[in-house]
Amino acid sequence: MAIQTVGVVGCGLMGSGIAQVCAEAGHQVVVREVSDDLLRQGLGKIESFLKKGVEKEKVTPERMTEVLGRLQGTTDLGRLSSCDIVIEAVVESLDAKREVYQTLDKACPAHTIFASNTSSLSITEMAAVTKRGDRFVGLHFFNPVPLMKLVEVVRSPLTSPESFEKAFEFAQGLGKSPIRAADKTGFIVNRLLVPYLLDAIRALEEGVGSIEDIDKGMQLGCAHPMGPLTLLDFVGLDTTYSIANIMFDEFREKRFAPPPLLKRMVQAGLSGRKTGRGFYDYSKEPPKPMAGLS
Ligand SMILES: NC(=O)c1ccc[n+]([C@@H]2O[C@H](COP(=O)([O-])OP(=O)(O)OC[C@H]3O[C@@H](n4cnc5c(N)ncnc54)[C@H](O)[C@@H]3O)[C@@H](O)[C@H]2O)c1
């Protein structure tokens with residue numbers, strides 16, 4: 001049976017992007033948030049992304065109406081019971097995700113595939129709380145989802161080859177370029193990226209360079225499209241902190257350990273772009289490096 005209807009759990013940074021690309025690819029999408037307010041905010045992000053496309057004449061007003069017409073919001077997880085695949089993009093917490101999967105497992109029919117967008121948690125551990133380990137995969141999208149081509153499709157030891165291929169083809173159908181990865185925390189990209197980002201924070205802590213110079217160094221010296229501290233602000237420092245803790249817990253290697261400065265910034269609510277301040281202050285245009293971090 002081909003995948004037609006899609007459920008998305010969580011309409012934050014990633015969930016809103018995932019819901020958008022699924023609707024753009026022609027799927028009917030039901031997206032769940034925990035409150036009406038957060039749902040409005042999440043769906044608002046999709047609308048403003050599409051509106052900007054209309055302003056830039058990349059999207060027609062008719063296309064925007066068509067895409068938005070395929071999206072339905074809900075706060076009731078049970079409404080996802082009609083979906084062929086459910087993609088979960090809630091906060092990076094195993095407890096929160098487990099709770100979602102236990103409820104969904106009871107609500108969804110046998111054929112529904114579950115896919116987690118987790119960056120670092122174990123797909124196997126989440127699959128184990130359901131009775132459908134063979135129909136459970138990782139679908140790891142990248143931020144911003146409508147623009148980034150990559151999706152890591154992750155198999156656990158329980159995932160059946162049929163479900164894996166179905167999920168892989170589904171990602172291709174969204175216009176993405178999927179790659180295959182095994183369920184080792186961080187998969188391929190974060191395994192390599194996270195130690196680099198954490199090292200950039202350590203370089204700042206140790207006074208190797210300023211925020212601007214660390215970013216400029218990697219942009220101009222290595223032709224990266226943005227520096228590591230700017231990238232951290234995009235990803236979200238709270239999310240990065242959770243990912244680093246999970247990866248450190250798994251590998252027990254110093255390169256994955258979150259530096260104290262990252263922890264302090266998360267405690268202070270400096271989570272990056274989504275909170276208005278991180279390594280840069282986004283209330284200014286252009287954003288200014290934050291004072292007092294090194
Ligand atoms: N931020 C990134 O660049 C990035 C990239 C790839 C993957 N991820 C992964 O995607 C997931 C979400 O990250 P994010 O950056 O979108 O976080 P976010 O904080 O922007 O969004 C998470 C959303 O989940 C909602 N939520 C929490 N519990 C819920 C529940 N039970 N039901 C429905 N919604 C619920 C929250 O209200 C919030 O809006 C995490 O697992 C993260 O590791 C993040």
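A polar contact is a pair of N or O atoms within 3.5 Å. In the predicted model described here, Glu33 offers such a contact: one of its polar side-chain atoms is found 2.5 Å from an oxygen atom of the ligand. The side chain of Arg32 also takes part, with an N or O atom 2.8 Å from a nitrogen atom of the ligand. At Val235 the backbone is involved instead, an N or O atom there lying 3.0 Å from a nitrogen atom of the ligand. Of the 840 Å² of accessible area that the ligand has on its own, the protein covers 87%. The surroundings of the ligand comprise 24 residues, the closest being Met14, Arg32, Glu33, Glu92 and Lys97.

The strand arrangement was examined next, beginning with strand 1. This strand spans residues 5–9 and is mostly covered, four of its five residues being buried. Strand 1 pairs with strand 2, which consists of residues 28–32, in the parallel sense and over five bridges. Within this pairing, Val31 of strand 2 is the residue opposite Val8. Between the two strands the chain passes through helix 1, formed by residues 13–24, and the resulting β-α-β crossover is right-handed.

A further parallel pairing, over four bridges, joins strand 1 to strand 4, which covers residues 85–88. Val8 has a counterpart here as well, standing opposite Ile87 of strand 4. Val8 thus faces Val31 in strand 2 and Ile87 in strand 4.

Note on methods. Residues are numbered from 1 along each chain as its sequence is written. This is a predicted model: local features need pLDDT of at least 70, side-chain atom pairs count only at pLDDT 80 or more; totals for chains, interfaces and linings use all residues. Side-chain values use heavy atoms; hydrogens and water are left out. Buried means under 20% relative accessible area, exposed over 50%, partly exposed in between (1.4 Å probe, protein chains only). Two strands pair if DSSP finds at least two bridges between them. A crossover is right-handed if, with the strands pointing away from the viewer, the path from the first strand over the helix to the second runs clockwise. A residue is near a molecule or strand if one of its heavy atoms lies within 4 Å of it. A polar contact is a pair of N or O atoms within 3.5 Å; within protein, one must be able to donate a hydrogen and the other to accept it, and residues adjacent in sequence count only if both atoms are side-chain atoms. Accessible areas come from the Shrake-Rupley method with a 1.4 Å probe; for residues, only the protein chains shown count as cover.
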